[in-house]
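Colleague: I would like to learn how to read a ligand site and then the chain around it. Where should I start?

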Amino acid sequence: MEILIRDTPDEVAVTAADIVATYVRRGAVLGLATGSTPVATYQELIRRHREEGLSFAGCTAYLLDEYIGLSPEHEQSYYRFIRDEFTAHIDIDDAVVHSPDGLNPKPWLAAEKYDAAIRESGGISVQILGIGTNGHIGFNEPASPLKARTRVETLHAQTVSDNSRFFDSIEEVPTHALTQGLGTILDCEQPLLLATGFGKADAIAAMVEGPLSASCPASALQMHDRTTLVIDADAASGLVRTDYYRHVEESRPAWSAVDGRPVEA
Ligand code: GLP
C-alpha cells in the first residue's frame with residue numbers, strides 16, 4: 001500500500017485531487033464515493049474544472065453504493081448526493097453518472113445488472129473510497145465476503161447510527177443498501193481511500209497494520225497492488241509505522257510517482 005499522510009484535511013483533498021486528475025485527463029471511468037470525507041476532494045476538483053479547465057467530458061462514473069428504498073429525488077440518496085456535491089458542478093454528462101437502482105423491487109437483480117454494467121464499461125480506473133468507523137468500505141460491513149460482487153447488504157447498527165446525522169431521525173435511515181462487493185472494488189485499477197479525523201484512526205490502523213480479515217472489510221485492499229491511502233495526521237494516529245510510510249514517500253525516486261510507476265502511465 002502507498003500511504004500518504006498529510007497534516008490537514010485540506011491537504012488530503014489536494015493530494016487526492018492530484019491523483020484523480022491524472023485519470024480525468026485520460027477520460028477514465030471514475031468510481032465515486034459518497035459520505036462526508038470525499039466532499040473536500042470533489043470541491044477541489046470542481047475548482048480545477050472552473051479555474052484550470054480540467055474537463056470531465058470524456059469521463060464516465062459509477063457510484064460505490066446506494067441505499068435501498070430511497071428515491072433518486074430523496075436528498076440523502078447517493079444518486080442525489082453525488083450530483084449536489086460534485087457532478088452537477090463539472091462538465092460530465094449526467095447520463096453517464098451511474099448508480100445502483102435502490103428502488104428495484106428485486107434488488108439482487110439490480111446488483112447483478114450494476115456489476116455487469118461496470119464490467120462492460122471496461123472497469124473502474126480510480127475508485128475513490130471512504131471508510132466507516134467499523135472498517136466498512138462502500139457498504140461492505142464486517143464479515144462481508146472478500147470476493148463478493150455487487151450485492152445487497154444489511155447495515156450494521158454502528159453504520160445506521162453514524163449515518164443518522166444526515167437524516168431527521170435514526171428511524172429514517174434505510175436498513176439495507178446495494179454496494180459494490182469487495183471483489184468488485186478490487187477489480188479497479190487503483191483504489192484511493194481517503195480518511196480524516198481521529199474517529200477513523202482505529203479503522204485505518206486495522207486496515208493497514210491488522211490482519212487481512214473480513215472483520216475489517218477495508219483490509220481487503222491489502223490484496224490490491226495499487227492501493228493508495230491519503231489520510232490526515234489524525235486518521236494516521238493509530239498507525240505504528242508512520243515514520244516508514246513518510247520515508248517511503250520522501251525517498252520516492254524521481255522516476256517513480258506511485259508504487260514505482262509513473263503517474264501518467
Ligand atoms: C457511508 C458510505 C461509505 C463511507 C462511509 C463513511 O457508510 N456508504 O462509502 O465511506 O459512510 O462516511 P464519512 O466519510 O461521512 O465518514
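Modeller: Start with the residues around the ligand, keeping in mind that this is a predicted model. There are 14 of them, and those that come nearest are Ser-36, Thr-37, Asp-65, Arg-165 and Lys-200.

Colleague: How many residues of that shell are nonpolar, polar or charged?

Modeller: The shell around the ligand holds eight polar residues, three nonpolar and three charged.

Colleague: Which polar contacts does the ligand have, and how do I recognise one?

Modeller: Look for a pair of N or O atoms within 3.5 Å. Here, an N or O atom in the side chain of Arg-165 is 2.9 Å from an oxygen atom of the ligand. Asn-163 has a polar side-chain atom 3.3 Å from a ligand oxygen atom. Gly-138 uses its backbone instead: an N or O atom there lies 3.1 Å from a nitrogen atom of the ligand.

Colleague: How much of the ligand does the protein cover?

Modeller: On its own the ligand has 390 Å² of accessible area, and the protein covers 95% of that.

Colleague: Where does the ligand sit?

Modeller: In the largest pocket.

Colleague: And the chain, how many helices and strands does it have?

Modeller: Eight helices and 10 strands. Its radius of gyration is 17 Å, close to the 18 Å that the globule rule gives for 265 residues, so the chain is as compact as a globular protein of that length. Along the principal axes, its C-alpha atoms fill a box of roughly 55 × 40 × 35 Å.

Terms used
Residues are numbered from 1 along each chain as its sequence is written. This is a predicted model: local features need pLDDT of at least 70, side-chain atom pairs count only at pLDDT 80 or more; totals for chains, interfaces and linings use all residues. Side-chain values use heavy atoms; hydrogens and water are left out. A residue is near a molecule or strand if one of its heavy atoms lies within 4 Å of it. A polar contact is a pair of N or O atoms within 3.5 Å; within protein, one must be able to donate a hydrogen and the other to accept it, and residues adjacent in sequence count only if both atoms are side-chain atoms. Accessible areas come from the Shrake-Rupley method with a 1.4 Å probe; for residues, only the protein chains shown count as cover. On a 1 Å grid over the protein atoms alone, a cavity is a set of points where a 1.4 Å probe fits but cannot get out, and a pocket is an open set with protein on both sides within 12 Å along at least five of seven lines; lining residues have an atom within 4 Å of a point. A molecule sits in a cavity or pocket if more than half of its atoms lie within 2 Å of its grid points. Ala, Val, Leu, Ile, Met, Phe, Trp, Tyr, Cys and Pro count as nonpolar, Asp, Glu, Lys and Arg as charged, and the others, Gly among them, as polar. Helices (H or I, at least four residues) and strands (E, at least two) are DSSP runs, numbered from the N terminus. The radius of gyration is taken over C-alpha atoms; the globule rule is 2.2 Å times the number of residues to the power 0.38.
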